[in-house]
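Welcome, and thanks for taking a look at this one with me. Here are a few points to keep beside you as you turn the model around.

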Amino acid sequence: MELFRKNIKYILIIIFALIVAFLIYKFGAENGTSKLSLKDDFKESKQMVDTCLKLMKIDSVEVLVYPLTVEISTDKTRMHGFIKPHPYKKHSYIIYLRKNIPKHKKIEIICHELIHLQQLESRKLEYLYRESYLWKGVKYKYTEIPYENRAYEVEAETESYIYAKKLKKIFLK
């Protein structure tokens with residue numbers, strides 16, 4: 001018992017270190033996101049993305065799905081997701097999705113964002129800087145046209161419906 005009392009400080013440090021090591025292993029960062037965020041909800045989101053890419057006959061790209069952790073809104077709308085090109089890999093994209101979105105809405109958002117992927121891959125759409133973008137070779141400032149009236153958003157909203165309908169049949173059984 002006396003040996004235990006003399007070494008209690010070291011025993012507590014070892015226990016603390018083991019707990020920290022376990023937490024880092026279990027929930028630690030992996031490719032810029034935590035393993036916890038990809039469990040359950042985000043695994044299914046990735047399955048939805050992969051399924052939709054197959055339906056769209058797109059196989060030459062990589063799409064990662066990460067949680068949207070900051071509040072983003074457009075003119076009138078709170079954003080539930082967006083896509084952006086991967087900063088270091090060609091033909092690789094990241095879809096950021098808000099957590100806890102109803103499944104039917106998540107399907108609609110994923111399909112919408114994958115239409116943007118098509119636009120970006122075909123170079124119909126190019127993000128230039130924070131303030132501007134190219135649509136079919138013409139430069140626009142984001143402040144010039146309201147979000148819901150931007151041609152690339154109108155196209156994504158219109159075309160994503162076809163894929164969302166198919167995905168809902170698969171994932172909303």
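**Notes on a helix pair and three loop residues**

1. Let's begin with a pair of helices: α5 passes α6 in a right-handed crossing. Please keep in mind that this is a predicted model.

2. To place the pair, α5 covers residues 103–121 and α6 covers residues 151–171. Two packed helices are described by the angle between their axes and the distance between the axes. Here the axes of α5 and α6 come within 7 Å and cross at roughly 130°. That angle makes α5 oblique to α6, because it falls outside the ranges that count as roughly parallel, perpendicular or antiparallel, the last of these being over 145 degrees.

3. Which residues bring the two helices together? From α5 come Lys103, His104, Ile107, Glu108, Cys111, His112, Ile115, His116, Gln118 and Gln119. They meet Tyr152, Glu153, Glu155, Ala156, Glu157, Glu159, Ser160, Tyr163, Ala164, Leu167, Lys168 and Phe171 in α6. Sorted by class, this contact of α5 with α6 has 9 nonpolar, 6 polar and 7 charged residues.

4. Next, please find Arg150, in the loop between β8 (138–141) and α6. Is Arg150 buried or exposed? Its relative accessibility is 7%, so Arg150 counts as buried, the cut-off being under 20%.

5. What surrounds Arg150, once its neighbours within four places in sequence are left aside? Arg150 is in contact with Tyr133, Tyr142 and Ile145. With Ile145 there is a polar detail to look for: a polar atom of the Arg150 side chain lies 3.0 Å from the backbone oxygen of Ile145. You can also check Arg150 against Trp135, which is 15 residues away in sequence and 9.2 Å away in space, C-alpha to C-alpha.

6. Now for a backbone detail at Lys57, in the loop between α4 (41–55) and β3 (62–67). Lys57 is not a glycine, although it has a positive phi of about 60°. Its relative accessible area is 72%, so Lys57 is exposed.

7. Arg123 is worth a visit too, and you will find it in the loop between α5 and β6 (125–127). What is the phi of Arg123? The value is near 65°, which is positive in a residue other than glycine. With a relative accessible area of 54%, Arg123 is exposed, since the cut-off is over 50%.

How values were computed:
Residues numbered from 1 in each chain as written. Predicted model: local features only at pLDDT ≥ 70, side-chain atom pairs only at ≥ 80, totals over all residues. Heavy atoms only, no water. Axes fitted to C-alpha atoms, helices over the stretch in contact; angles between N-to-C directions. Helix = DSSP H or I, 4+ residues; strand = E, 2+ residues; numbered from the N terminus. Parallel < 35°, antiparallel > 145°, perpendicular 65-115°, else oblique. Left-handed = near helix turned anticlockwise from the far one by under 90°. Contact = heavy atoms within 4.5 Å. Nonpolar A, V, L, I, M, F, W, Y, C, P; charged D, E, K, R; others polar. Buried < 20%, exposed > 50% of the residue type's maximum accessible area, 1.4 Å probe, protein only. Polar contact = N/O pair within 3.5 Å; in protein donor to acceptor, adjacent residues only side chain to side chain.
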